[in-house]
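Work through the exercises below with the model open. Try each task before you read its solution.

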Amino acid sequence: MWGGVRLQVIFLCLGAALWSAAVTAAHRGSGLRERGHHRHPSLHRHRERGKEGQVLHRSKRGWVWNQFFVIEEYTGPDPVLVGRLHSDVDSGDGNIKYILSGEGAGTIFVIDDKTGNIHATKTLDREEQAQYTLTAQAVARDTNKPLEPPSEFIVKVQDINDNPPEFLAGPYYASVAEMSNVGTSVIKVTATDADDPTYGNSARLVYSILQGQPYFSVEPQTGIIRTALPNMDREARQEYDVVIQAKDMGGHMGGLSGTTQVKITLTDVNDNPPKFTQGVYAMSVSEDKVPGEEVGRLKAKDQDLAENGLVDYRILEGDGMNIFEITKDSETQEAVVKLKKPVDFETKRSYTLKVEASNTHVDPRFIAWGPYKDTTIVKIAVEDADEPPAFMAPNYNFEVEENAPAGTLVGRVHAKDTDLMNSPIRYMIPRYTDLEEFFTVNSEDGIIKTTRPLDREAQAWHNISVSATEIGGHHQDAKVRVNIKVKDVNDNAPEFATQNEVFVCENVSPGRLIETVSAVDKDEMSHRQHFHFNLAPEVSNNQNFSLKDNRDSTASIFVIRKGFSRMTQDVYHLPIEINDNGMPPMSSTNTLIVRVCSCDSKDTILSCNVEPLILTTGLSTEALIAILACIVILLVIVVLFVALRRQKKEPLIVFEEEDIRENIITYDDEGGGEEDTEAFDIATLQNPDGANGFLPRKDIKPELQYALRPGMRPIGNSVDVDDFIKTRISDADNDPTAPPYDSIQIYGYEGRGSVAGSLSSLESVTTDSDLDYDYLQSWGPRFKKLADLYGSKDSADDNS
């Protein structure tokens, strides 16, 4: 408050002094230019004559003038006097009015239009706006005519320390490796002060640490946080909460301050070796376990994290190094002991292993703190299990001669119980390995025998299995493979290797080789055994072909005579004996077929069949073609005829010669009398209206369909003809549009009044007739009903 009053006094004194100087200069008749930092213009009017005697007035600026200052955050009861404006033309009589415009004019800054005093009506904040640009002008009060050109000036807001430092990026999170050296940089924190950094110490900051000592320190000028203690261990403490303060005024008393929190986390390094929790681990494994199965697990703990805590395991020594192996579970970091080879309780009952655990990754900075490994002892006990019997050999190979009689000894298999109980063994052959039951095994001693003779050519090897089962206990069983070879016996005669025909030309020359034959034998042949060939005795003296044994299991066939004729004989059969010279020797006779063929001059076969000769004596090729052409023409005619018949349409109008009534005239098959209700269909009879010129259409039905009266139902097949006729009469009488299809209309038309007379036999009963119907009795049972009907009538008349 006092500062504001002093400032007002200073401005008032300054204004008064300037005003006095301006008045003195005006009395002297010349404008004054102030010396020093401020220039105070004063407005004078100087009269000058122009070229034409015109008096010109030149205005001279005479403001008492410069930058104005006002302190921010003033809270006094009265407006703050910023400064005073005064013009040289102002004589103090109140005829001049001062006008103020620009930033904040009329709202923040107001001017007394008579005296030119400028006041600030509101509290100013430099951080919101540091200066204001205003424009002042002197005008005539009565006319508002400008007396001076407008002049611009600046009002600057002087800063005071009213803003504390702020950490805009806080709170901070940082990390530093454990075991870091003293002075290791962790993070830099920065605070900002809204006060004017160019004016005083309001924005000069100093950093200090309020919380986090003695572990960390901060540089006062830069705000860099550093480690202050050596060997900080993450495993002992991982996180630290540090509080940093920033204070303005250079850290002196009276300055404002702000704080922020910094959470510092120690990151892990590999500074801890793995450790087993036990010095000895005990495990057990059953002797029936198979290789690859898990025996047990153990783990070495490492307090480090991630890859720094990875551990590898290995077996250093022990009597079980070749029996067991160790792997690592990557998820749990455990060592998994597995069985590498089968163990036997009866052979060895315990094993000892020495296992080492070591870090996968070692930090060279801390290698002197090592070693980063640990060892432990693993003892594994073998447990007894009920094991299946064990055969003395992994498999058995036996031989037996083919055709040996049933019951021939093949061999013996042997198994024993390896358990302490040494249970007896029972042997058997699983049927699925010997489906045809060629062999049998003695259940007590394992002797294998044949059940029938074996044929090597059908099956040279028999691969069966024999199972051994404990008697008693858990009935454990084991199987072994038995391979039985059937030894060969010479029981098959040789035969031709191929059954192909031999072709020889008609003009072949004598001594010509026409074929080399070979043989095969289903039996096994020794290295020195060969086939021998001879012509059969019945052809040994033939005049056509000869045979030469090449003594290499082949024979050559030669032609003896000159020339052959197909017309005389086209096929020759040459029987050849083949001997295998085995023990016992076996021989067979095979027939070689030699076919005579027609050849050209180069001995190229043209034809080997007799059919072409027959064709030459028959029809020629042109005749065959002509016959085929005739057949094709006949087929075409038949097809056209069928097509024309299908295209022929049935006429729509029923002509007189097709009238169904004429069928009655030509019908000569007598029915079965009145009892025959299926001899004809009454519905097929038509109305003879066609005689009057009306011919009904077959393909047109009446446009108006007559509906049956309620209560009327179609009558099915019935022996009551009278009811059926009455129903048809009623339908015809009540339906004028439907053509009369019933027989009553037909008989009515052909009845009374017809020239031809009635053909119906229904009226014959009521007519007086002198005819004698006794002859109907002799016509047989089919006319018995008619004979009884008329015969009974005559008898009744005679009796009357």
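**Exercise 1.** Leaving aside its neighbours within four places in sequence, which residues is Ser-180 in contact with? Then place Ser-180 in the fold and classify its exposure.

*Solution.* Keep in mind that this is a predicted model.
- Step 1. With neighbours within four places in sequence set aside, the contacts of Ser-180 are Leu-229, Pro-230 and Asn-231.
- Step 2. Find the element. Ser-180 sits in the loop that runs between strand 10 (172–177) and strand 11 (185–188).
- Step 3. Check the accessibility. The relative accessible area of Ser-180 is 13%. Buried means under 20%, so Ser-180 is buried.
- Step 4. Look for a polar partner. A polar atom of the Ser-180 side chain lies 2.4 Å from the backbone oxygen of Ala-177.

**Exercise 2.** Test whether the length of helix 3 (residues 621–647) fits its residue count, then ask how many of its residues are buried.

*Solution.*
- Step 1. Helix 3 has 27 residues.
- Step 2. The expected span is 1.5 Å times one less than the number of residues. For helix 3 that gives 39 Å.
- Step 3. Compare with the model. The end C-alpha atoms of helix 3 are 40 Å apart, which agrees.
- Step 4. Count the buried residues. The count is zero, so helix 3 is hardly covered.

**Exercise 3.** Which peptide bonds before Pro-214 and Pro-371 are cis, and where do these prolines lie?

*Solution.*
- Step 1. Take Pro-214. Gln-213 and Pro-214 are joined by a cis peptide bond, with omega about 5°. Pro-214 belongs to the loop between strand 12 (206–211) and strand 13 (216–218).
- Step 2. Take Pro-371. The bond from Gly-370 to Pro-371 is cis, with omega near 5°. Pro-371 is in the loop between strand 24 (350–359) and strand 25 (373–383).

**Exercise 4.** What is the phi of Ala-306, and what is the phi of Arg-551? Are these residues buried or exposed?

*Solution.*
- Step 1. Ala-306 is not a glycine, yet its phi is positive, about 50°. Its place is the loop between strand 20 (300–301) and strand 21 (311–318).
- Step 2. Arg-551 has a positive phi near 60°, and it too is a residue other than glycine. Arg-551 lies in the loop between strand 39 (545–549) and strand 40 (554–559).
- Step 3. Apply the cut-off: exposed means over 50%. Ala-306 has 66% relative accessibility, so it counts as exposed. Arg-551 has 64%, so it counts as exposed.

**Exercise 5.** Describe the surroundings of Arg-561.

*Solution.*
- Step 1. Arg-561 is in the loop between strand 40 and strand 41 (571–579).
- Step 2. Its relative accessible area is 31%, so Arg-561 is partly exposed.
- Step 3. List the contacts beyond four places in sequence. They are Val-508, Pro-510, Gln-543, Asn-544 and Tyr-572.
- Step 4. Look at Asn-544. It is 17 residues from Arg-561 along the chain, and the C-alpha atoms are separated by 5.5 Å. The two side chains make a polar contact of 3.4 Å.
- Step 5. Look at Tyr-572. Its side chain and that of Arg-561 share a polar contact of 3.1 Å.

**Exercise 6.** In what order do the four strands of the open sheet with mixed pairing run, and which are its edge strands?

*Solution.*
- Step 1. The order is 18-25-24-21.
- Step 2. Strand 18 (280–286) and strand 21 are the edge strands, each pairing on one side only.
- Step 3. Neighbouring strands of this sheet are turned by 30° against each other on average, direction ignored.
- Step 4. Strand 21 pairs with strand 24 in the antiparallel sense, over seven bridges. Asp-312 stands opposite Ser-358 in strand 24.

How values were computed:
Residues are numbered from 1 along each chain as its sequence is written. This is a predicted model: local features need pLDDT of at least 70, side-chain atom pairs count only at pLDDT 80 or more; totals for chains, interfaces and linings use all residues. Side-chain values use heavy atoms; hydrogens and water are left out. Helices (H or I, at least four residues) and strands (E, at least two) are DSSP runs, numbered from the N terminus. Buried means under 20% relative accessible area, exposed over 50%, partly exposed in between (1.4 Å probe, protein chains only). A polar contact is a pair of N or O atoms within 3.5 Å; within protein, one must be able to donate a hydrogen and the other to accept it, and residues adjacent in sequence count only if both atoms are side-chain atoms. Contact means heavy atoms within 4.5 Å. Two strands pair if DSSP finds at least two bridges between them. Axes are lines fitted to C-alpha atoms, for helices over the stretch in contact, and angles run from 0 to 180 degrees between N-to-C directions.
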